[in-house]
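User: Please go through this structure with me, setting each value against the definition behind the term. I would like to know what every label rests on.

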Amino acid sequence: MSNPTTKAIDATSPTAASPRQPTSDGPQAMNGRMMNDRRKDLIQKFAALAGLLVLVTVFSMTSDAFFSVGNGMTIALQVTSIAYLGIAATCVIITGGIDLSVGSVLALAGVVAALAVKAGAPVPLGMGLGILVGAFCGLLNGLCVTRLKLPPFIATLGMMMVARGVALQITGARAVSGLGESFGELGNGAMFRIVRIGEDGFPDVVFPGIPYPVVLMVVIAIAVAIMLSRTTLGRHIYAVGSNAEAARLSGVNVAGVTLFTYVLSGTLAGLTGCVLMSRLVTAQPNEGVMYELDAIASAVIGGTSLIGGVGTISGTAIGAFVIGILRNGLNMNGVSAFTQQIIIGLVILLTVWIDQIRNRR
Amino acid sequence: MQQASLDTVPERFPPGLNQAPAGIELLRLDNITKRFPGVLALDGVGFDLRRGEVHALCGENGAGKSTLMKIISGQYQPDEGGITYKGEVRRFASSLDAERAGIAIIHQELNLVPHLSVAENIFLAREPKRGWFVDRTALRRQARACLDRLGVDIRPDAPVKSLSVAQCQMVEIAKALSLNAEIVIMDEPTSSLTESETALLFQVIRELKEQGVGIVYISHRLDEMALIVDRVTVLRDGRYVDTRNFADTCVDEIVALMVGRSLDDKFPERTSIPTADVLMDVRGLTRRGVFHDVGFELRRGEILGFAGLMGAGRTEVARAIFGADPLDTGTIRLGEREITVKTPRDAIAHGIAYLSEDRKSHGLAVKMSVTQNLTLANMGAVSNTLGFIDRKAEEQAAWRYIQMLSIRTPSPHQVARLLSGGNQQKIVIAKWLFRQSRILFFDEPTRGIDVGAKFAIYQLLDRLAAEGIGVVLISSELPEILGLTDRVAVFHEGRITAVLNTRETSQEEIMHFASGHGRPAAPGAETT
């Protein structure tokens, strides 16, 4: 530890710098320090990951069924909806906003998709329509925030109620069922599923496969992570959250960037709705209540700052898995749903508190 | 005036308060060392403060003034060294701890709650109570007493948001007095005050001195110090340089101590030669109620000054040309072409840039790195058509500008918030240079920046002009206008009252036009 410290002192303090004299160290020295920064970053990530590993170890010891390919896939599947929404929430929160409407929007999107299919539309078209409805809700949120200048909390709180109301209204508060097997394909199908017909004539599952929702989750996480860290759009998202006025005066289209994050959030909520309803092969207008809070929690556990300007997708993914594994593991250990809530609530407080300490100077 | 202030041992004291005679040591810091990750902020620094004196702390940005101040006020704990307060060795665990002991600090960015009243602010969290309720009468009476001690006329019931910056400062001082503070630390108290407000503040400081309060005074405005400061301690690069009686020294000597070399000239030799080539021609700019019929020409290779009093509309005109604020009427021509500017994006696309006077809130994304701030206005240059950023190109660009402008940062990935004011300003300048801007508006570019860094920025302005960039310098410091510009547009109440040739004008003539009087007898004026 002492080595990097002394090195850095050389560059910043006394001898190096009368103000007119250029800084004397070259790219090599810079590289050294960059590595140091990266290492620190890695250690921070590692701390969250380590927490995750501790959870896995503890649950593996307390329950035999926990550590298996099958349960692994179950967890991954259970995490998907939190993850989709968490990824979207991360982008919105980085700009300094918040989206409380995703739970309702996903219900509306799923219900619309189901009604369309029920009315005779092909499944992909119906789901496409559902996702579009989600995107449209996101657009309305974004316009309320950027045009009407409503605080994001209020704008999306309104949408939360409106979308839920519409979902209940158009279904008459009844579940939409009888959607046919193909509606369940997205939520229940899997890639690389290996099934052998056993000697007794019954199918024997060799490998359960990777469920489509999990594949989608990985693809979306990677795509959004690249968008945030490698593209100008991503950079602008951070800039808006870090200092909106400075971003505007630097030529960043602040309204456009903000609008984009809400549309992305709505779109992913729409997708979540389709996947969830597909898994149940039934569309429930009451689905997704309080999901927005899980999404925000996963982002926050992953180190996203509610003030804006800070957050990563990898962090959010870890956050989503922390919540998912806690639920799954506690279930397997027969912990009641009420106790689970208490534990998850405490975990959120603990992780954010640790994060605060870490960032304190 | 100066004589009176140097009189460190006042004869009488108000009864009941700080009975100890002036001149007695109140606070002593020995051999203070403070390290931060990667930086040695203070290296064996000593400092002492006597009762009834104003002791100025001078140094360039990054010299360690703020760190020392935070150690005195308990926000930081020293890694080495001791603090002796009123003859006892003390260690302040927190700012609250120091406050209880009688050390108050008045920050540059004032810490008042805007929606509460003056009285409520003064006694925030210490409200006089009657049972469970706040005793409003006592609150008002006690606040009144504090304000009276300062001799300022502020209503205890007035909401803080209705006060001027200077009045807020008075409220902060009143708050310090209500804590029975024996040491008051003032960080850049005059940076946003007008001259008359400054005079009032100094009057209050003299009152405090008479009452035996020791004052640690931090300011970049060395000229003003002569009026109140008794002793001055200079820091440089985290080390103690010297302590002098202000009476035995002069501003130039202090500056020399601060920068470690003598500054023969405050301004660099101008190397650029103004041409007749008009870069930008602005006519009839009006924003109702803010500025009217403003017109000027900006020529290639020149530095055009915008002079005027605060609120004369200089910043507003620059912001409107940059598209940051709306414009009612008027035309802007670049060369032959007339342009329309609706947003900063339009202006930036035309090569116009505006460097705000308020870096922290308008110029920098403080949570982002040096590199990210540098490239923010020109992401296109470091990314491909799909918007993917070429990190190597970005880093190289950052490195180039870090060297070109001598930005002091441990790494291009350092978070901008952690750099000193001068270096932050350089990042903002670098951002616009990287954008290849052709017209740069600098709004008070040297506010809150120390002497050495100022000189570097002056040199930079000259270099930019020499490279054919049109530079507009908005400054409230007339020496700066006179020392750097080729021509000066003088503003008064939203209008340009004169455009003068800098070489043929004088401070008096500029002030004359700035205060709205007609043309004086002096020659050299050139009409718009």
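**Paired strands and their sheet**

User: What makes strand S3 and strand S11 of chain B a pair?

Analyst: Strand S3 (residues 54-58) and strand S11 (residues 231-236) of chain B are joined in the parallel sense by four bridges. Two strands pair if DSSP finds at least two bridges between them, so the four bridges here satisfy the criterion. Within S11(B), B:Thr233 is the bridge partner of B:Leu57, and B:Val234 is that of B:Cys58. The elements themselves are DSSP runs numbered from the N terminus, helices (H or I) having at least four residues and strands (E) at least two. This is a predicted model, in which local features need pLDDT of at least 70 and side-chain atom pairs count only at pLDDT 80 or more, while totals for chains, interfaces and linings use all residues. Residues are numbered from 1 along each chain as its sequence is written, with chains lettered from A and ligands numbered from 1 in the order in which they are written.

User: How do you know that S3(B) and S10(B) are joined as well?

Analyst: They run parallel and four bridges join them, with B:Tyr217 of S10(B) as the bridge partner of B:Ala56.

User: Why is S3(B) called mostly covered?

Analyst: Five of its five residues are buried, a term for residues with 20 or more other C-beta atoms within 10 Å of their own (exposed means 12 or fewer, partly exposed lies in between, and C-beta atoms are placed from the backbone). B:Val54, B:Ala56 and B:Cys58 point one way from the strand, and B:His55 and B:Leu57 the other way.

User: What makes S6 and S12 of chain B edge strands?

Analyst: The open sheet has six strands in the order S6-S9-S10-S3-S11-S12 (chain B), with mixed pairing. Strand S6 (103-106) and strand S12 (239-245) each have a single partner strand, so one side of each lacks a neighbour in the sheet. Neighbouring strands are turned by 20 degrees against each other on average, direction ignored; axes are lines fitted to C-alpha atoms, for helices over the stretch in contact, and angles between N-to-C directions run from 0 to 180 degrees. Helix H7 (residues 195-210) of chain B packs on the sheet, touching S3, S9 and S10, and its direction makes about 145 degrees with that of S10(B). Helix H9 (residues 251-259) of chain B touches S3, S11 and S12, at about 25 degrees to the direction of S11(B).

**Helices and core**

User: How do you know that the buried residues of H14(B) line one face?

Analyst: The buried residues are B:Glu394, B:Ala397, B:Ala398, B:Tyr401 and B:Ile402. Seen down the axis they fall within an arc of 135 degrees, so they line one face of the helix; the arc is that of the directions from the helix axis to the C-beta atoms. Their cover includes H13 and helix H15 (421-434) of chain B.

User: What is the span of H14(B) set against?

Analyst: Its 14 residues (391-404) reach 20 Å from first C-alpha to last, close to the expected 20 Å, which is 1.5 Å times one less than the number of residues.

User: Why is helix H9 of chain A called mostly covered?

Analyst: In this helix (residues 232-242), 10 of 11 residues are buried. They pack against H3, H8, H10 and H11 of chain A together with H13 of chain B, where contact means C-beta atoms, placed from the backbone, within 7 Å.

How values were computed
Contact = placed C-beta atoms within 7 Å.
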